[in-house]
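User: I would like to go through the enclosed space and the nonpolar interior of this protein. Please take the cavities before the cores.

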Amino acid sequence: MAEPAQPPPPAVRDFGNGPERNEVAAGLPEQAAAARAAAQGEERSSGIPHDRGYPRRTKLPPPQENPADAAIKLGLVPYHGIAPKLNELQWRSDRVSAEIIGRSAGGHDLYLVTVTAPESAAQAREQARLRERIENDPAAAARDRGLAKKYKAPLYVNANIHGNEWEGTDAALRTIEELATSRDPAITALLKRTRLYFNVTANPDGRIANSRQNAAGFDLNRDFVTASQPEVRAMRQVMMDAQPVAMIDLHGYVNGTLIEPTTPPHGANYEYDLFITNTYANGLGMEAAVNGLGYTPEKDGVQPAQIPFRDSAEGWDDWPPIFTPQYAPFHGAVAAHTVEIPLRVNNADYANLPVEELRRRSAINTDVAAAAIRATYRFVQDRHDRLIADQIEVFRRGTAGEPARTVPLGIVPGFGPEDVYTTTFPRAYAIPAGTPAAARLVDHLIANDVRVERAKTAFRQGGKTYPAGTYVVDMRQPKRGLANVMLEPGEDISPRVDAMYDISGWSHALLWGAQVEPLTSLRAHTTPVKVAAPTGSVPRTSGPLALKVADAQDVRALNDLLAQGVAVRWDGGAAVIPSSARQAARVVADRYGVAFTPAREPGGVPLAQVRVAAAASADELFTLRELGFDVTPVSTALLNQGFDWSGTDVLWVSSGLSHAALTPQARADLEAFLGSGGVITRGRTGAAFNTAAGLLTATTVEGRSDANGVVRTVADGGQVGGAATGHAFVYSPLWFTGLGPEVAVEQSYAADGPLVSGHWRATAAGAGGPESARGQAAVISGRDERGAAVVMFGTEPLFRNHPKGLFPQVARALYWASSVTGAAVTTP
Ligand SMILES: [Zn+2]
């Protein structure tokens, strides 16, 4: 963490090719479903094997030496030094096991180290049985007084998730070595009763490259509800497989060392009475350990540690489960912390400070991070039985379907009414089956270890009949908190807090395109689901076929057909393909789970593969490519160098492009493009470009810049909004007034108040709030006097790859803009 709340990352970064496309044998439903799930990034990683003993002594392949690794300047271990060090420790000690748990976006191995006393395979299997019992039969586990004696408490240390917050890695390696070689009887005792898991560097790409993000440009510590990145899917699997009772996530840089628990608002889906008690206790222990190192403000520039829950009123909350320690509790962690080590060595300091000063700071930071790790394993050692009992209690309450508890005031010192957040769990959620959106959501829930079932027969509930095959998420399950935090609409918390650290709304039910309905009772015969059922189909009738672009999977299927050179026509929100392409349609129907319907004789206009020049943020580039668009990143500088527009159909502008800063030649080249091209804008940068380039007649009104969340919208039809879901995501929302006659409204903010969940207030002067946005145009389109086709988004349809139900709006904008201008029909 340690960056203030801010709009999405402006970085324009290039990265590798688009996602892999799994070839699927047509007509094998299970394979098709599994491949579709994999194609959506929901493949389950192999995780930690449970049937092998410890030590495992995996020889890690050493990466090539990289003298440019950014850690070297700080005197810290470069990424290529980690595997040799772990190999040496595995050779020296029977307490250390290293495993590769995945690969980063940039292709680097991710290392998980387990430190524990040796176990035979039979003993490891016994540990696995106990862990499964805690999750799957918590009531029996709670009654079993012998369980805590046999069970090794799992502790998870996550390091370096922000690549340019380095020292957690070095502290982890130091601690692993100490534990591996110590003759202290207390350590021997610790390792007999504990398994310590270290994710040595969660972000090797960023560690090497001196960046917060991974090679795809994503902040991994914002991705846990989405899991768009392989590093996050690997961490998620570790938390599910290891089921830690406690975890810490090592960050930088806040002086004095910042140690959670957090300020309010507190996530309402945790068993917070258990969580705050343990987390505060370990926070105090870490504080004592850090302060006990003896560093002082006068001598070292190190301030005393601080605990936001105790020392601050607001601004460091645990509301969104996008952060590692806010996600881990759903898998049973009853103490979880972000720790921010004190002395800044990144950003401008990395570039400007003398090397010896940087190394002095990094050495202190490593000491602080190591002290936090040691304090945490001592905490787990001291509270061993209680932490296990509290984890069992989390799963027991979920399985029993008990109402959420209201945490008693004063449960820890300072726990006041401002700290009380609670929720009401429905009895179940129903997710009607048959759409790619439902399949994607179900696969995502399952990948998060949420249990999903299917109705074997039709059932009635609330006056409505749900057909056989309907997905059911029974909220009587151990991880109901995770199920609910994804499936509930969320809450408008604007009245309760002044400022939030990051996003405040994320509902998968409202943003991922699937229908999700809470049920107040549940009487259905169900069977467990391992993977969502296939949804693709092609009608048996002869003649042309239509594919309505209503889901991200429709977009990917259509772009796949376009890449194959299939003759596609674009007909107002749907693509029409000739009957000669029937076989190709069958293949993409299986691959992406999309449904074709019979089409009338092709109307519309020809559509070819859309080539996008994108001045966009990294998450937008990633998503546009994931959808199968042909994307070339551009910027002011690149256009000023002389850009060949002949390969571009549509220009995307949301970040890093200023019309005012273009050279006269670059402007002239752009003008020539606008005579036959399209422009999509998003956000303030895009709106400024629209004005400066003289595109659509519209006045942009800015909502408060830190406002964000899920909003209700009304689709006004047209080219983009037609099949919209009725909700959108906003961050620094915009709306458009003073519209010229050439402008159509595609989507508006709901007239009865747009904000469903999140944080959106007016400014002190009363401007920029959700009241002002009522009924205003959120997305507009039109053709300017040159003929350029323009769509402007005041919403955030691609934000961090999360609001998947909004992706098709962007695609329809691109198809429309390229097809009406004829831009995209010149290529085969
Ligand atoms: Zn951080």
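User: How much space lies in the largest cavity?
Analyst: The model is predicted, and the values here are computed from it. Counting cavities of 30 Å³ or more, the structure holds 7. The space in the largest of them is about 140 Å³.

User: Which residues are closest to the centre of the largest cavity?
Analyst: Its lining is made up of 16 residues. By class, 10 of these are nonpolar, 3 polar and 3 charged. Closest to the centre are Asn 269, Tyr 270, Glu 271, Pro 329 and Val 394.

User: Which helix gives the most to the lining of the largest cavity?
Analyst: At least two lining residues come from each of helix H10 (272-291), helix H16 (384-400) and helix H18 (480-487). With 3 residues, the one that gives the most is H18.

User: Which helix provides the largest share of the largest nonpolar core?
Analyst: This core has 219 residues, and those with the most contacts inside it are Phe 198, Val 473, Leu 558, Phe 596, Phe 629 and Tyr 815. The largest share is 12 residues, from residues 355-382, which form helix H15.

User: What is Phe 596 in contact with, leaving aside neighbours within four places in sequence?
Analyst: Phe 596 is among the residues with the most contacts inside the largest core. Its partners include Ser 537, Val 538 and Pro 539, and also Leu 545, Ala 546 and Leu 547. The others are Leu 561, Ile 577, Ala 585, Val 588 and Ala 589.

User: How many residues are in the second core?
Analyst: This core is separate, and among its members are Val 634, Leu 651, Ala 687 and Leu 695. Its size is 29 residues.

Key:
Residues are numbered from 1 along each chain as its sequence is written. This is a predicted model: local features need pLDDT of at least 70, side-chain atom pairs count only at pLDDT 80 or more; totals for chains, interfaces and linings use all residues. Side-chain values use heavy atoms; hydrogens and water are left out. On a 1 Å grid over the protein atoms alone, a cavity is a set of points where a 1.4 Å probe fits but cannot get out, and a pocket is an open set with protein on both sides within 12 Å along at least five of seven lines; lining residues have an atom within 4 Å of a point. Grid points are joined across faces, edges and corners, and a volume is the space filled by probe spheres set on the points. Helices (H or I, at least four residues) and strands (E, at least two) are DSSP runs, numbered from the N terminus. Ala, Val, Leu, Ile, Met, Phe, Trp, Tyr, Cys and Pro count as nonpolar, Asp, Glu, Lys and Arg as charged, and the others, Gly among them, as polar. A nonpolar core is a set of buried Ala, Val, Leu, Ile, Met, Phe, Trp, Tyr and Cys residues joined through side-chain atoms within 4.5 Å. Buried means under 20% relative accessible area, exposed over 50%, partly exposed in between (1.4 Å probe, protein chains only). Contact means heavy atoms within 4.5 Å.
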